[in-house]
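User: I'm new to reading protein structures and I'd like some practice. Can we go through this one together, a question at a time?

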Amino acid sequence: MLYTELLRLWDEAVQAADAKDWEGALSKLEQISEPNSRITFNTASAHLVLGQLDLALQALDLTIAKDERLAVGFFQRAAVMMQINRLEEALSDCIWAQKHMRGNMVIDYRQLGLRFKLYSWQVLYNAAAVYCRMGQWERAREVLLSASQERGGGRGGQLEAALDSVLRGEVLAPLQVPENVVFRPSKQDVEQLKQRDFLGKAKVISSMIPNDDFGGFEPLRMQKPGFYEPKMDGAQESRYMRMRTPYMARGEGQLTVPGGAMVFLFGDEDRDGMATVIYDGQRGLLPVSLLEPADVKTSKGKKENRVPSGIPLPPGLKPPTRPQAQPSPAPPRVRVTSDTPPPSYTTATHAPLPASEPPKYTANAASDQHTVRPRPSPLRSRGGNVMDDGEAQGAEASSVVVKVHYTYTVALSVPLDIPHNELKERIAKKLGQPASQLRLRHRQHGSQVLIPLGGEGEPGHTMQEVAEAGRATLWCQTEDPLANRPILYQMVALYDYTAQGSEDLEFSEGDTIDILGEVNEEWLEGHNAGNIGIFPSCFAYRENVNITQSSEL
């Protein structure tokens, strides 16, 4: 049965119950072929109102079979059991209801669509009613006394009146969910049943292009491979304006625009010096004196260096030829001098920092912070001696907290002077992976490129080179080392790329890709997460040209 049909019949049954048409509500509920526990509870409520106790008991049995932890189901069935004089089973349902409340004083069922709160004292009240019918008056009084100590509202003196009735030997009437309270479907789901016109009515848009025969849309342009940017002529370029100063709306139809914002001039200047503009999807009036022409074009140099935004177009109408597998492919466009070998996997992943760069963190860096911290308590050493504040600060300054992003995130505290190779061994032990297949990278301040952690196999490289203010963040990947494949440079993925063939390289947005070769102007061969393949060059950008060649300078 479709969920929409179930939802429609459920909602119609609830509306019939609100109108006191319980026969109509039952007819709607019986049409549901696969009811859930809440629908069968409503069926039991309808049978109870009509006086059909046996049918109500069958519906409650089905409700509990579908949801064995529904405390209100056991509570309601216990009340029905008492009415048909099945006292042992009624007492068992009270015990199960109390157990499934899981120690809570109250359970609010509004999140499930039932406007009812089940209190713990109500379950104990029904248990006392069962003991009254069994003739165990002293046991009933003890249960009521324990119920009077329970917290929770909604009692209104019922427990005191019940104690007086027990002392007089009067049988207590069972409590149950009111007849007008039923499970209701989600309001948001019911609203989705109504048909909606998402397209709306067509509107005619006047064309701004002179002698345009088309009714209102801009004529189609040929799209070039890369990132599409609309072309403008001299007449249209002046339509883009920039606000000199902020402007607050002072009348009807005017806009509030911050200073420096770009707007589109939609109409000409009127008599009051106001012009119709479009800003942030709204059309309104702004003073012409506050507008100045905006240069939306960028120079060629800036356009090449900026990170493009938007969805990239296909690399070309005709896909390029896939690279052929060769025994020893020679990477194209690599300038190698006689005294400097090309960058390999080892040099790319172990690029040392320049000698002129000072360490980013020192032992007294914590004293340069301007935040006020509470005075730390004295620390006790292993021998039982108490260290003063100076020794404690020295101990804190000699360690660094390293956060490692893997398939999950882990953190560990290591000494500040720990070598990179020893740090890699600790991370490998923490992750349960062999250290030879782990690749660590870090990100410089203000950059999006993940740079390989240098000096893993060389002495003298410690965490002091990458730590800042006692903290460091590393990214870890499990990769097989490249077999004699040099890395030309690295790029950062702009978007997710799904492989279209077995030779394609699949990656996610933000991944760092090692470029192994350039197939042509539109396709590159790269390495990521242990995989080698080709991908469109427009899906990634090159932030720093000399990432891997930093060790050669």
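Analyst: Sure! Keep in mind that this is a predicted model. Let's start with a pair of helices: the axes of α8 (residues 137-148) and α9 (residues 158-167) come within 10 Å and cross at roughly 165°.

User: Is α8 roughly parallel or roughly antiparallel to α9?

Analyst: Look at the crossing angle, which is roughly 165°. Angles over 145 degrees count as roughly antiparallel. So α8 relative to α9 is roughly antiparallel.

User: Which residues of α9 make the contact with α8?

Analyst: On the α8 side, the contact uses W137, R141, L144, L145, A147 and S148. By class, the contact between the two helices has 9 nonpolar, 1 polar and 1 charged residues. On the α9 side, the residues are L159, A162, L163, V166 and L167.

User: Which helix gives the largest share of the largest nonpolar core?

Analyst: That core has 62 residues, and those with the most contacts inside it are V72, Y109, F116, L118, L144 and L172. In soluble globular proteins, nonpolar side chains tend to be buried together. The largest share of this core is 10 residues, and they come from helix α7 (residues 120-134).

User: What does F116 touch, leaving aside its neighbours within four places in sequence?

Analyst: F116 is among the residues with the most contacts inside the largest core, so let's list its partners. Leaving out neighbours within four places, F116 is in contact with V72, F75, I107, D108, Y109, Q122, V177, P178 and V181.

User: Is H47 buried or exposed?

Analyst: First, find H47 in helix α3 (residues 37-49). Not counting residues up to four places away in sequence, H47 touches L26, Q52, L55 and A56. Its relative accessible area is 8%, and buried means under 20%. So H47 is buried.

User: And K99, is that one buried or exposed?

Analyst: K99 sits in helix α6 (residues 87-100). Its relative accessibility is 54%, and the cut-off for exposed is over 50%. So K99 counts as exposed.

User: What separates the C-alpha atoms of K99 and R69?

Analyst: Along the chain, K99 and R69 are 30 residues apart. In space, their C-alpha atoms are separated by 9.1 Å.

User: Zooming out, what share of the protein chain counts as buried?

Analyst: The chain has 15 helices and 19 strands. Among contacts between residues at least 6 apart in sequence, 58% join residues at least 24 apart. Of the 553 residues, the share that counts as buried is 38%.

Methods:
Residues numbered from 1 in each chain as written. Predicted model: local features only at pLDDT ≥ 70, side-chain atom pairs only at ≥ 80, totals over all residues. Heavy atoms only, no water. Core = buried A, V, L, I, M, F, W, Y, C linked by side-chain atoms within 4.5 Å. Buried < 20%, exposed > 50% of the residue type's maximum accessible area, 1.4 Å probe, protein only. Helix = DSSP H or I, 4+ residues; strand = E, 2+ residues; numbered from the N terminus. Contact = heavy atoms within 4.5 Å. Axes fitted to C-alpha atoms, helices over the stretch in contact; angles between N-to-C directions. Parallel < 35°, antiparallel > 145°, perpendicular 65-115°, else oblique. Nonpolar A, V, L, I, M, F, W, Y, C, P; charged D, E, K, R; others polar.
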